[in-house]
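Biologist: I would like to learn how disulfides are read from a set of coordinates, step by step. Could we work through an example together?

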Amino acid sequence: MSDDQMTVTVSYFNNDEYNFDKQKVLPTGDCKTSAAFIISNLNYRIALVCTEDPNHDYVKLFKNDDKFSSETLSSFKMKKGSQPLFIDINSDTFLDLVYNQDVTSNSFDIRVALYNEDNAGFETSTQGLLEEYLYENPSLGCQSLPNKEQLILESPNFSSNIDVNNDCVSDLYLNVVNTAGESKGLMLISTRIKNNAQEFRRYCLVEADNLSSSKLSSPVFADFDKDASVDKAFFNTETNSIYVYYNEMQANGPSSSSLCKSMPLIENSESETDFNSYSLFENVFDVISIGSTTGLYANSLVSNFIPGQMRVGDIDSNGFPDILITKTTPDGNPSTTILVNTECTTQDSASPTSEQDTKNEDCKKRTFDTSHDYTTLTDQIDTSLYAFFLDFDDNGREDIILVGMGTSGKTVARAFYNNYARDSYYITATSYTSSSSSFGSKVYGSTYRGIYTTLQDSNKVFVSFQNVRNSYGALEAPVATFAIGRSNNYIEDFTATYPIQKYTKAGGKDKLSVEVNTWTPIIPNSHLLVDLSAKTANKWGIKLLINPTDSFILVGIILTLILIIIGGIIIYIHRQEKKEDDKERNPGLDFF
């Protein structure tokens with residue numbers, strides 16, 4: 001965004017030159033922009049939050065065409081200073097708009113505007129999110145939510161769309177605030193509700209985090225211990241530490257026929273799933289100190305919309321997600337730190353150190369180191385306001401973007417390529433709702449699981465996700481990535497899953513189908529493009545882009561040189577033998 005908040009500039013990355021070689025400046029018209037979202041939709045590409053009206057904010061969309069024509073969503077008046085959330089709430093693979101309405105009525109002010117594929121736009125009539133989509137039944141363990149009609153989305157918003165109960169269907173972690181200003185995190189499990197002939201998706205509340213009283217912020221989700229179950233982490237603002245809570249729900253083993261658990265089904269208020277027995281993130285956790293700091297650094301370049309937050313990525317390509325933060329130093333300046341996910345190191349009895357003693361104390365599963373190959377990276381920018389992971393060169397290794405203040409007082413963004421070649425294979429995937437002219441919109445909340453073989457010849461399950469968070473400042477690429485380490489085999493199984501709502505010919509809801517498709521075998525170091533537009537898994541298309549290992553060219557050069565040398569030796573020996581034969585030849589035997 002420009003300083004006057006009246007233009008937005010899009011920079012296009014050139015994969016051949018590894019730089020941004022083209023720009024498109026988009027005037028926002030009357031819209032004084034406080035935030036710009038990249039959204040993925042068949043018709044739209046960019047969403048702006050406009051703030052010039054003193055009474056409410058609203059959303060303006062740039063369409064997916066060459067001219068970037070715009071459309072103003074004037075029907076959806078948002079609360080001043082709030083943030084919208086783009087998520088597929090009704091399982092049609094298209095993004096819906098979730099927002100706080102401008103008038104505080106304490107009567108379900110979190111509204112949902114559904115995207116209508118037939119009309120190629122958002123429906124003007126809205127629904128209350130917690131009124132329409134929250135299923136409450138305490139006898140089954142779907143907890144009641146007190147004063148749910150008074151809750152609104154928190155700003156900044158850290159809501160996440162990710163599978164936590166291993167049924168390969170994304171659940172919803174909803175970040176809300178009540179009338180007293182208390183922040184809460186609601187763990188909502190995706191559930192199929194069947195009433196009579198209709199079946200549809202609703203959400204069951206199984207856990208609620210009181211973030212304010214626990215002094216927790218910036219929730220992030222990832223499989224930190226690499227057991228194919230998703231864990232969650234928070235930043236504790238009181239102790240200035242990171243708390244990692246491990247998922248206690250065990251994932252299914254490496255069997256192609258049962259990689260996913262069954263999505264919970266509640267039929268006529270009865271269910272085989274007892275949500276009362278759910279134990280997700282309650283007991284096992286690690287605490288990681290990040291050194292001298294007064295908290296996460298929140299910057300306000302144009303507005304106060306970019307909060308201090310943790311970001312997750314696998315920078316060392318070992319399959320264990322690492323954490324990237326920008327913290328506030330005691331003198332008030334920002335400092336970006338990479339925390340590398342490592343084992344709980346055992347003490348060396350021969351030469352124990354106080355550093356090891358501190359590191360190993362109470363470590364349950366994993367710890368995060370600040371001393372590693374990437375320690376000096378952040379010295380490149382004196383004042384790094386924030387940073388995020390992005391694999392620019394598509395080699396399976398996360399690169400880093402640092403945004404800081406330059407000497408001219410203007411913001412400077414720099415990309416640092418991760419050139420540490422790790423002995424590791426990887427797999428990446430992206431799901432689309434394809435159109436005839438392009439790959440169409442990227443699907444938010446796609447779930448991927450697969451099976452790979454280690455060098456010890458044991459089968460392991462991996463899990464990865466696409467677009468977990470899309471609130472402002474999340475800065476996640478729409479690509480699922482997983483580093484599998486060394487393997488002497490193909491990826492034996494790659495499974496993509498998405499729940500899709502089916503409709504009758506009359507337009508009524510028919511059933512909610514968990515669509516699953518499996519492809520095998522898959523070559524490591526591949527990027528998969530999955531087309532979900534068919535809405536039926538057996539008709540999903542897949543395109544495979546193969547990226548050989550970084551040493552492929554070097555191996556080819558070496559083999560070529562070896563062949564040339566061997567060929568030269570053979571030619572030399574042949575000529576020497578021919579000379580010897582000529583010397584020993586008896587001319588008297590030449591009759592012709």
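Modeller: Let us take the torsion about the S-S bond, bearing in mind that this model is predicted. For Cys 168 and Cys 260 that torsion is about -85°, so the disulfide is left-handed. The sulfur atoms of Cys 168 and Cys 260 are 1.9 Å apart, where a disulfide requires a pair within 2.5 Å.

Biologist: Which parts of the chain does the pair of Cys 168 and Cys 260 tie together?

Modeller: Cys 168 lies in the loop between β15 and β16 (171-177), while Cys 260 belongs to the loop between β21 (241-245) and β22 (265-267), so the link joins parts that are 92 residues apart in sequence.

Biologist: Are Cys 168 and Cys 260 buried or exposed?

Modeller: Buried means under 20% relative accessible area, so Cys 168, with 1%, is buried, whereas Cys 260, at 22%, counts as partly exposed.

Biologist: How many disulfides does a search of the whole structure find?

Modeller: The search finds four, and, with bonded cysteines counted along the chain, their pattern is 1-2, 3-5, 4-6, 7-8. One of them joins Cys 142 to Cys 204, with sulfur atoms 2.2 Å apart, and with -115° about its S-S bond this link is left-handed. Cys 142 sits in the loop between β13 (134-135) and β14 (152-153) and Cys 204 in strand β18 (residues 198-210), so the parts tied together are 62 residues apart in sequence. Both Cys 142 and Cys 204 are buried.

Technical notes
Residues are numbered from 1 along each chain as its sequence is written. This is a predicted model: local features need pLDDT of at least 70, side-chain atom pairs count only at pLDDT 80 or more; totals for chains, interfaces and linings use all residues. Side-chain values use heavy atoms; hydrogens and water are left out. Helices (H or I, at least four residues) and strands (E, at least two) are DSSP runs, numbered from the N terminus. Buried means under 20% relative accessible area, exposed over 50%, partly exposed in between (1.4 Å probe, protein chains only).
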